[in-house]
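Please take a moment to look over the sequence and the structure shown here, and then follow the explanation below step by step.

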Amino acid sequence: MDDNEKHALDVVRARLFQRYPDLEPEIVEDLIAATLDRFDGCRVRDFVPLLIERATTRTLDATYSRTPAPPEPIRTSELPATAHAEPAAPAVISSGRVRGVRGAFARRSPRLS
């Protein structure tokens, strides 16, 4: 691990401590170390700090997230009862042939005519 990667991991560590202030630092440190072990032997190391931050954040969010309290129900007054109107009469098709729903509402392309 070179100096750039160590510095990037320190930045990741600081961001995770800020994001999860309620957690003990040892928990975050252990998770970073465990995630870092997964990338041992990788030849390309440029994205390792980013991948560690994402994996650690995903694990911490899934493990230590608190479910928000359900919102209080909104209390409203009852609506007055209204008389329902008669349903409208079904539409009558004026042409001799009956088209299905697709044919009645489909847009016609000038190329298809």
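We begin with a single residue, D10, which has a relative accessibility of 44% and therefore counts as partly exposed, since that class lies between the limit for buried residues, under 20%, and the limit for exposed ones, over 50%. Please keep in mind throughout that this is a predicted model, and that every value discussed here has been computed from it.

The partner of D10 is R13, and the two form a salt bridge in which the closest N and O atoms are 2.8 Å apart. Both residues lie in helix α1, which covers residues 3-19, and they are three residues apart, about one turn of the helix. R13 has a relative accessible area of 19% and is therefore classed as buried, because the limit for that class is under 20%, whereas D10, at 44%, is partly exposed.

R13 also takes part in a second salt bridge, this time with the side chain of E29, where the distance from N to O is 2.8 Å. Because E29 belongs to helix α2 (residues 25-38) while R13 belongs to helix α1, this pair ties together parts that are 16 residues apart in sequence. E29 itself is partly exposed, with a relative accessible area of 30%. If we now put the two contacts side by side, we find that D10, R13 and E29 are linked in a network of salt bridges.

Another residue of helix α1 that can be related to E29 is F17. The C-alpha atoms of F17 and E29 are separated by 9.4 Å, and the two residues are 12 apart along the chain. F17 counts as partly exposed, with a relative accessibility of 30%.

How many salt bridges does a search of the whole structure find? The search finds five, and one of them joins R19 to D61, with the closest N and O atoms 3.2 Å apart. This pair links distant parts of the chain, since R19 is in helix α1 and D61 is in helix α3, 42 residues apart. R19, at 49% relative accessibility, counts as partly exposed, and D61, at 32%, is placed in the partly exposed class as well.

The salt bridge between R19 and D61 leads us to the way in which their two helices are arranged. Two packed helices are described by the angle between their axes and by the distance between those axes. For α1 and α3, the axes come within 9 Å and cross at roughly 20°. That makes α1 roughly parallel to α3, because angles under 35 degrees are counted in this way. The crossing in which α1 passes α3 is right-handed.

Helix α3, which spans residues 48-64, also contains L50. This residue has a relative accessibility of 37% and so counts as partly exposed. Together with V44, F47 and L51, L50 forms a nonpolar patch on the surface, and the four residues have about 380 Å² of accessible area together.

Finally, we can step back to the chain as a whole, which has four helices and zero strands, so that its pattern, read along the sequence, is α-α-α-α. The chain has 113 residues, of which 19% count as buried, and R13, with which the salt-bridge network was introduced, is one residue classed as buried.

Technical notes. Residues are numbered from 1 along each chain as its sequence is written. This is a predicted model: local features need pLDDT of at least 70, side-chain atom pairs count only at pLDDT 80 or more; totals for chains, interfaces and linings use all residues. Side-chain values use heavy atoms; hydrogens and water are left out. Patches are made of residues with over 30% relative accessible area and no salt bridge: like charges are joined within 9 Å, nonpolar side chains (Val, Leu, Ile, Met, Phe, Trp, Tyr) within 5 Å. Accessible areas come from the Shrake-Rupley method with a 1.4 Å probe; for residues, only the protein chains shown count as cover. Helices (H or I, at least four residues) and strands (E, at least two) are DSSP runs, numbered from the N terminus. Buried means under 20% relative accessible area, exposed over 50%, partly exposed in between (1.4 Å probe, protein chains only). Axes are lines fitted to C-alpha atoms, for helices over the stretch in contact, and angles run from 0 to 180 degrees between N-to-C directions. Angles under 35 degrees count as roughly parallel, over 145 as roughly antiparallel, 65 to 115 as roughly perpendicular and the rest as oblique. A crossing is left-handed if the near helix is turned anticlockwise from the far one by less than a right angle, and right-handed if clockwise.
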